[in-house]
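Okay, thanks for squeezing me in. I'd like to walk you through one model, so let's get it up on the screen.

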Amino acid sequence: MPSENTRTDGSGGTVVADAPWVAPAVLIGLPLVGAALGWGLVLIAEWITGLSWFPFQGLFELLTDLPRAVQLIGGLALGFAAGLVLGLWVVSELLTVTVGRESMRFKRGDDEQEVARGDVASVFLDGKRLVVLGHRRQELAQVEFDLDREQLVAALRRHGYAWQAGGDPYGGEFKRWVPGADGLPRGADALLKARERALEKSNEGDLRELREELAGLDVVVRDRDKKQYWRLSDPA
């Protein structure tokens, strides 16, 4: 049976997500914290104006010129609004994994991905990432995973997916990438150079896009401490 953090969708799939109380707690807690910080900032605004090195001196001086009641109400309102905006963003970024008879689906914010059940050879965790491999050893999906591992494993086994408890079955084949590495398909070296720059800047959009382009060349890539490691998806 699904646990308190899982549920069944309309098609019989198992939905693995955060506990039901997480989203409400975030949407209530962060605005309250923001309001408290706004209140506190108003209380120390006059002290801050005496610190010549503190940034935004003009803003704090303007704040202290306002009536005290306006200061407090404004600080509470702005802090609450900032906390609410942050809370809405946090909730939108919560991961949902749906494991079904026909497919696996991953949703985080506006990013959604679906992998057909027949294409999946194995599923495993690589550090904090959930990875799905296909029958040609290619990477079908990779998502940052911050949910309950046991609930995920139970859902996968319930629907007949192959779970690799020991991690990546081809982990020993990865080699550290260096420019001009032997064995790479034509064009892969240039993509890895571009990806190295994206990795240094932590540009998640470029990293994902370049990973997909490398997958099209049968190259699987892993990141470790800002370094790239690669293997071929199909040795043949």
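Before I point at anything, one bit of vocabulary: when I say buried I mean under 20% relative accessible area, exposed is over 50%, and partly exposed is in between. And keep in mind that this is a predicted model.

So, try that on D225. Is D225 buried or exposed? Its relative accessibility is 68%, and the cut-off for exposed is over 50%, so D225 counts as exposed. You'll find D225 in the loop between strand 10, residues 219–224, and strand 11. The backbone there is a bit of an oddity: D225 has a positive phi, about 50°, although it is not a glycine.

There's another residue like that, R137. It has a positive phi of about 70°, and again it is not a glycine. R137 also sits in a loop, the one between strand 7 (129–134) and strand 8 (139–144). But here the relative accessible area is 12%, so R137 is buried.

Now, what does R137 touch? One of its contacts takes us to S233, which is in the segment after strand 11, residues 227–232. If you skip the neighbours within four places in sequence, S233 is in contact with R136, R137, Q138, D218 and V220. S233 has a relative accessible area of 1%, so it goes down as buried.

Okay, over to the helices. Helix 1 runs over 22–43. It has 22 residues and reaches 31 Å from its first C-alpha to its last, close to the 32 Å expected at 1.5 Å a residue.

Which residues of helix 1 are buried? The list is V22, V26, P31, G34, A35, G38 and V42. Here's the textbook bit to hold against that list: an α-helix has 3.6 residues a turn, so residues three or four places apart point the same way. And what covers those buried residues includes helix 2 (45–49), helix 3 (57–65) and helix 4.

Last stop, the surface. L27, I28, L32, F80, L84 and L88 form a nonpolar patch there, with about 520 Å² of accessible area together. Helix 1 and helix 4, which is 68–92, each supply at least two residues of that patch. Take L27, which lies in helix 1. With a relative accessible area of 30%, it falls between the two cut-offs, so L27 is partly exposed.

That's my tour. Happy to spin it around if anyone wants another look.

How values were computed
Residues are numbered from 1 along each chain as its sequence is written. This is a predicted model: local features need pLDDT of at least 70, side-chain atom pairs count only at pLDDT 80 or more; totals for chains, interfaces and linings use all residues. Side-chain values use heavy atoms; hydrogens and water are left out. Patches are made of residues with over 30% relative accessible area and no salt bridge: like charges are joined within 9 Å, nonpolar side chains (Val, Leu, Ile, Met, Phe, Trp, Tyr) within 5 Å. Accessible areas come from the Shrake-Rupley method with a 1.4 Å probe; for residues, only the protein chains shown count as cover. A salt bridge is a side-chain nitrogen of Lys or Arg within 4 Å of a carboxyl oxygen of Asp or Glu. Helices (H or I, at least four residues) and strands (E, at least two) are DSSP runs, numbered from the N terminus. Buried means under 20% relative accessible area, exposed over 50%, partly exposed in between (1.4 Å probe, protein chains only). Contact means heavy atoms within 4.5 Å. The expected span of a helix is 1.5 Å times one less than its number of residues.
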